[in-house]
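These are my notebook entries on a single structure. I set down what I looked up, one topic at a time.

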Amino acid sequence: MRKLNIPLFIIALGLFLLKAIGGYAQRYAFSHYEIEDGLIQSQVNKLVLDNTHRLWIATLGGACRFDGKDFISYTKAKGLESNFVYSLFSDKSNRVWFGTNNGLSYLNHDSIYNSKIPSSVTKRWVTNIVQDVTGKIWAHIGSNLFSVKGSQVEADETWKNRPISAITIDKNGKLWVSVNSQDLYKLEKNTWIHVLAKLPGKESIRQLLFDKIDPNKYFILTAKNIYQIISGNIQTLATAGDNTFLTIEEDEQDQLWLGTFNGAGCFKNNNWVWFNAGNGFTDNAVTQIYNDKDNNLWFATNGDGFYKFQGDNYAFFGKDQGLIKNAAVMGLTLDKANNILLGTDGGGVFRFDGAKIKNIWLPPSTMQNAANIECFYKDKNGVIWIGTRHGGLWQYDNNKFNLMLNTYGYTISAIAIDDEKTLWVGTPLGCRYIQHGKITEIPGINSFCASILLLGKDSVLVGSQTGPRLIINKKIDTKFNLPELNNVGILCMLRYKDNIIYGSSGSGLYLYNLKTKIIKLYTTKDGLNSNIIYSLAVDSRGIVWAGTERGTNRLIVNSKNITCDILPYYLPKSEIFEANQNAMLLVKDKMWIGNSKGVSVIDTRLRKENAAPPYTIIQSAQYFQPNSKHSNDPNKVIRGDILQDNATLSYKQNHITISYIGAYLKNPQSIVYKYKMVGLDSDFSAPVSYSTVDYPALPPGKYKFVVTSLTKNGLNAVNNAAISFEILSPFYQTLLFKLTLILAFILLGVGLKSYYDRKRLKDKMAVELIKTEEQLRLRVQTAEDFHDDLGNRLTRINVLTDILNTKIDADKADQRRLVNQIKQNVEALYNGTKDILWALDPANDNLHDLLLHIKDFGAELFMDTDVNFMMEKPEIKFKQIKLAMQESRNLNLIFKELLNNVLKHAEATSVLLTVSCLSLNEINIIVTDDGKGFDINSVKRGQGLNNIFKRINRINATLNINATTGGSTSFELNYKPAKLK
């Protein structure tokens, strides 16, 4: 709005005409706040937003602070000079000033202070408070100008005898005053400069308003006129006629707003739009219009509380706009002249021609059921088909309504006409089609049919209470099956690109992709207002609109990844209606939505609101502690003092309760919170809607509670609010006490452990000694018994074979050979018995005796052969290397097998066995021969070699074989005795 060159008579005529047709105007969305909401008194004089984005309200019953949800009152009982509060101001230091009928007060850190006005001032009512660029506070008290210095209020002597009617601050922070009701002055570097001498008429200046964009333009408001001044040139902008102007404001779109004795007006698109009780506002006097820094537009009224304008994106048509009382709009369509037809439940058909709503059809009393409209359908020829409840199917064409096919008594809930001009209808008892004057039922659909969607020349999709059903060539397609939608009540359907969107009767919204056959479900958990979806439509930008049980949602459908983003659309609580079934129509970027009270109209070109983000505030923090009077009853507590930032609490004061708020007056219901207790939580909580958190038993430590607010559509707060505190530990939890106690327990533990370790070791050694002695006695006794019994018997058998051999005749060679074999086996058994007896003898459990035994065996084995066996006598120090019986036995058998293999297979002339021991910890024994060797990779292991490796594994030793074909062979055994490991 830059040029307003409009003749005065046109404006006056426009005001008259707008009032004359006010009964047919749309209803606008305002949020209304009154005493029932917590406002202290209904006569509101002034509104102002403080630096924490909370609204202050001045009334004739005190002042209120409003955070979007709750009101906090400030009255004379809390320190104000009077409950008659005329003006408010929030300064740069976040002090809130109160102008009353008895002086000036201000609030600082929750304490109220009163500024002293000179006793000589008799007229003490404060009507305006401002702050200039230097930070000085100015007040309009009575008809004089005052400045505030500290706690003192001083009169400006310049205007001692000249009355002041208005004061304001321009965009540069300079003070302007209206003197003698007409002259204007501004303060430049402590000098008053005369700006304007007079107005066209002899009027008192009520208010000055500086344009938000043009620095050379401002407005002057009087009781009867608005003047526009551009670069010193005065122009009359509008006149009040019989009304009276009270206040003026400019909104974020550079539109002018006026408050009058009877409602308010806005200059929009070169026309004045007036707001009163007939279109959603009030007829009371508007004492102030205030566009706050968050771009909320507020209206203070005299006797009706205050209002917030929700914007012109939304309008409503109901009883006051021409519909019948409580008219539920069930059908919407356009006639041939592009007028909007509204089908109502009980009121017949209405028409909106862009200016007013008029009833155009109410059936005769003999067919009163036809007044209950259920649905509309417009065919390709512009003919309107009307479904009614128990009133049959009607046709509207050429301004005539005709009942079709004697259908009166039927309920028609859905209508569609295919390319073959077949008329399809949904009824509470199923689906039917009408062709050549004949009504035919589709078998297999017996439940309520709420919607019909034409998919092709011969394909019809029907939404029923048992799920969607596909009809092809007028028969149910039995192959069509969507398991996810079986027995799901379908209320509405929409074909959107390659998708079918289903709105259900309680399960939510289903998105089905025709190509991929993927189906996804969206519910209130994903952002829907309700899981009952009554209507679906798409706007010119491709956004899908869903009318639900609790208002409207907007959806962005992505066909590529088959997802649906649900966008919020916020309206005042009083404007959230239940949408009606299939009653949604797009008309010139306006979405018309039938509901239970009338019809809502929403602009689909939703203007982006330049709202400031939320501002997070910790409202209160408290702690609880045990009551000393009831110290024996832990359930009785008293409230401690307010928890201050950086407070130090005792360990008993560990029950903490913190309340917070996200000040966001644009839409308080959309605020959610995230918080964390640093020192207890590692990360912020998930978004929550509650604004109080309770910690009943915090352990001692240092803490910092941090909370932030955000809107449901992702607008984060401009700040985080935080409070820090520390809970001290009891003496028994202090570090020194804990260290002392820990040290004492450590010393006690060490002492006890040492004692018990020594005792356990001593007992264990005694037991081991007893066990060892018992094992030794058992081994000795076994060896003796074995030697005395088995050895003697073997010797006797050997002697008897010699006797038997002498008695056999010399010519009986077979008998002699058998006797010799018996003798040889007895000798072999005796030799084996000697090895067992040797192993059983505890005296042989050392490396020295084992090596002597092996040396004797080798010497005996190679005695009568061509092989020279060489082995040095073991060193006497090897007696210190003790061996377990199993170790000694396995080592003995390993080397006996190795030496036997050399004798049998090596064809060697010499064998060398060497022994070495590294610091008595590791035994190294090597057997080397000069025989024919072998290929280690191709040689087949026999039973003897396999036994060798089994015994090697038993004693955890290693055996390295170094052999080549045609060369010498060596076997190197490395072993750590168990008693040395």
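**Entry 1: nonpolar core.** I looked up the largest nonpolar core in this predicted model. This core has 37 residues, and Phe895 and Leu899 have the most contacts inside it. I then listed the elements that each supply at least two residues of the core. The helices are helix 4 (847-861), helix 5 (885-906) and helix 6 (943-954). The strands are strand 66 (868-871), strand 67 (910-918), strand 68 (922-929) and strand 70 (969-975). Which helix gives the most to this core? I found that helix 5 does, with seven residues. As background, I noted that nonpolar side chains tend to be buried together in soluble globular proteins.

**Entry 2: contacts of Leu899.** I next asked which residues Leu899 is in contact with, leaving aside its neighbours within four places in sequence. I recorded Ile854, Phe857, Gly858, Leu861, Phe862, Phe869, Val911 and Val927.

**Entry 3: an open sheet.** I turned to a sheet of four strands. The sheet is open, its strand order is 23-24-25-26, and the pairing is antiparallel. Why is one side of strand 23 and of strand 26 left without a neighbour in the sheet? Strand 23 (245-250) and strand 26 (271-275) stand at the edges, and each has a single partner strand, so one side of each has no neighbour there. From one strand to the next, the twist averages 20°. I also examined one pairing: strand 24 (residues 256-260) and strand 25 (residues 264-268) run in the antiparallel sense and are joined over four bridges. For Leu256, I found the bridge partner Phe267 in strand 25.

**Entry 4: aromatic rings.** I searched the whole structure for aromatic pairs and found 48. One of them is formed by Tyr396 and Phe401, which are stacked at 4.3 Å centre to centre, with 25° between the planes. Are these two residues buried or exposed? Tyr396 has a relative accessible area of 6% and Phe401 has 15% relative accessibility. I counted both as buried because each value is under the 20% cut-off. I also noted one aromatic cluster formed by Tyr28, Phe30, Trp257, Phe275, Phe281, Phe299, Tyr307 and Phe309.

**Entry 5: charges over rings.** Finally, I looked up where the charged ends of Arg95 and Lys474 sit. That of Arg95 sits over the ring of Tyr106, 5.4 Å from the ring centre. That of Lys474 sits over the ring of Tyr433, at 5.5 Å from the centre.

Notes
Residues are numbered from 1 along each chain as its sequence is written. This is a predicted model: local features need pLDDT of at least 70, side-chain atom pairs count only at pLDDT 80 or more; totals for chains, interfaces and linings use all residues. Side-chain values use heavy atoms; hydrogens and water are left out. Rings of Phe, Tyr and Trp (its six-membered ring) pair if their centres lie within 6.5 Å; planes under 30 degrees apart count as stacked, over 60 as edge-to-face and the rest as tilted. Buried means under 20% relative accessible area, exposed over 50%, partly exposed in between (1.4 Å probe, protein chains only). A charge sits over a ring if NZ of Lys or CZ of Arg is within 6 Å of the ring centre and within 35 degrees of the ring normal. Two strands pair if DSSP finds at least two bridges between them. Axes are lines fitted to C-alpha atoms, for helices over the stretch in contact, and angles run from 0 to 180 degrees between N-to-C directions. A nonpolar core is a set of buried Ala, Val, Leu, Ile, Met, Phe, Trp, Tyr and Cys residues joined through side-chain atoms within 4.5 Å. Contact means heavy atoms within 4.5 Å.
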